[in-house]
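The sequence and the model are shown below. A set of questions and answers on the fold follows.

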Amino acid sequence: MGRSEEISEFIESAGGVASAAQISEAGFLPGSVSYALKTGAIDKLTRGVYCTPDVFDDEFAAISCRWNKCVLSHASALYLAGLSDRAPAAIDVTVPHGYNPHSLTREYPDAKIHRVSPEIYELGISSAKSPAGATVKAYCAERAVADLIAQRSREGADPQLVRDAIAGYFRRRNADLPKLARMCSALGVEEEFRMYLEVLS
C-alpha cells in the first residue's frame, strides 16, 4: 500500500475528516500529504483540514474540525439528529464564553454563533454523522430540543420547526424524557418543557 492510500485510510478511520495536526501526529510528512492531494486520494476541506473525497464540500465537517471548540447546535443539531428534515440555511454552533472562533464568520458569514457559560457548553456534547458521513461534534438530541425550547422562549424560533422537532422527539422509541427534563432545567426552561409534556404526552 502506498503512502497516499495510508493517509486516505487514516482519514477514513478518523471519521472521514482530519486536521493537518492529526495527520502529522500519525507520522505522515507534509510532502506525502501534498502528493495524496495531487493524486486525488484525499481532498482539502478547508484550511488545515483534509477529508476523503466523498466528504468534500461538507460545511458541517469543515467547521467542526477546523474550529474544534465549535459544537453544532440548535437547528443544525436537530437536523443531524433526524429531528428536522430541513437542512439549515445557516449553520448554528455553540462556543464557551471567551472563545473566539477566529475567522469562522469571515469564511462562513451566515454561521450563527451562540455563546454560553462553560458549564452549559459542556452539557450534551456528543458526536454525529454529517450528511456526507463524516464524524462531527454536535449536541445530542435532548440538548438540541432543549436549546430549541429556550430559543423559542427567549428570542423566538420557527413555530413549525419547534412543533415538528418536539413532537418527533416524543415519538422516538428511545426518547429519554428525564434526560430532556434535566437539559431544560439547566437551560432555565423547565416550565416550558412541562407545558409541551402535558400537550404531547
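Q: In which sense do β2 and β3 pair, and over how many bridges?
A: This is a predicted model. Its open sheet of 3 strands has antiparallel pairing. Within that sheet, lysine 44 stands opposite tyrosine 50 in β3. The pairing of β2 with β3 is antiparallel, over 3 bridges.

Q: Which strands stand at the edges of the sheet?
A: The strand order is β1-β3-β2 in an open sheet. An edge strand here has a single partner, so one side of it is left without a neighbour in the sheet. The strands in that position are β1 (17-19) and β2 (43-46).

Q: Which residues of helix α3 are buried, and which are exposed on the other side?
A: Buried means under 20% relative accessible area, exposed over 50%. By that cut-off Ser32, Val33 and Ala36 of α3 (residues 30-39) are buried. They cover an arc of only 100° around the axis, which puts them on the same side of α3. Exposed on the other side are Pro30 and Lys38.

Q: What covers the buried residues of α3?
A: The residues to be covered are Ser32, Val33 and Ala36. Their cover includes the helices α1 (3-13) and α2 (20-25), together with the strand β3 (49-51).

Q: Which residue follows α3, and what is its phi?
A: Helix α3 covers residues 30-39. The residue that follows α3 is a glycine with a positive phi. This is glycine 40, with phi near 85°.

Q: Is histidine 74 buried or exposed?
A: Histidine 74 lies in helix α5 (residues 74-80). Leaving aside neighbours within four places in sequence, histidine 74 is in contact with Asp92, Thr94, His114, Ala144, Asp147 and Gln151. The cut-off for buried is under 20% relative accessible area. Histidine 74 is buried, at 8%.

Q: Which side chain is joined to that of histidine 74 by a polar contact of 2.9 Å?
A: The contact links two side chains, one of them that of histidine 74. The partner is serine 73.

Q: Which helix gives the most to the largest nonpolar core?
A: The largest nonpolar core has 30 residues, and Leu78, Leu83, Val145 and Leu180 have the most contacts inside it. Helices α5, α7 (118-122), α8 (141-154), α9 (159-171), α10 (177-186) and α11 (190-200) each supply at least two residues of this core. With 7 residues, the helix that gives the most is α8.

Q: How many residues are in the other core?
A: This core lies apart from the largest one. Among its members are Leu45, Cys70, Leu72 and Ile91. Its residues number 23.

Technical notes: Residues are numbered from 1 along each chain as its sequence is written. This is a predicted model: local features need pLDDT of at least 70, side-chain atom pairs count only at pLDDT 80 or more; totals for chains, interfaces and linings use all residues. Side-chain values use heavy atoms; hydrogens and water are left out. Buried means under 20% relative accessible area, exposed over 50%, partly exposed in between (1.4 Å probe, protein chains only). Helices (H or I, at least four residues) and strands (E, at least two) are DSSP runs, numbered from the N terminus. The arc is that of the directions from the helix axis to the C-beta atoms. Contact means heavy atoms within 4.5 Å. A polar contact is a pair of N or O atoms within 3.5 Å; within protein, one must be able to donate a hydrogen and the other to accept it, and residues adjacent in sequence count only if both atoms are side-chain atoms. Two strands pair if DSSP finds at least two bridges between them. A nonpolar core is a set of buried Ala, Val, Leu, Ile, Met, Phe, Trp, Tyr and Cys residues joined through side-chain atoms within 4.5 Å.
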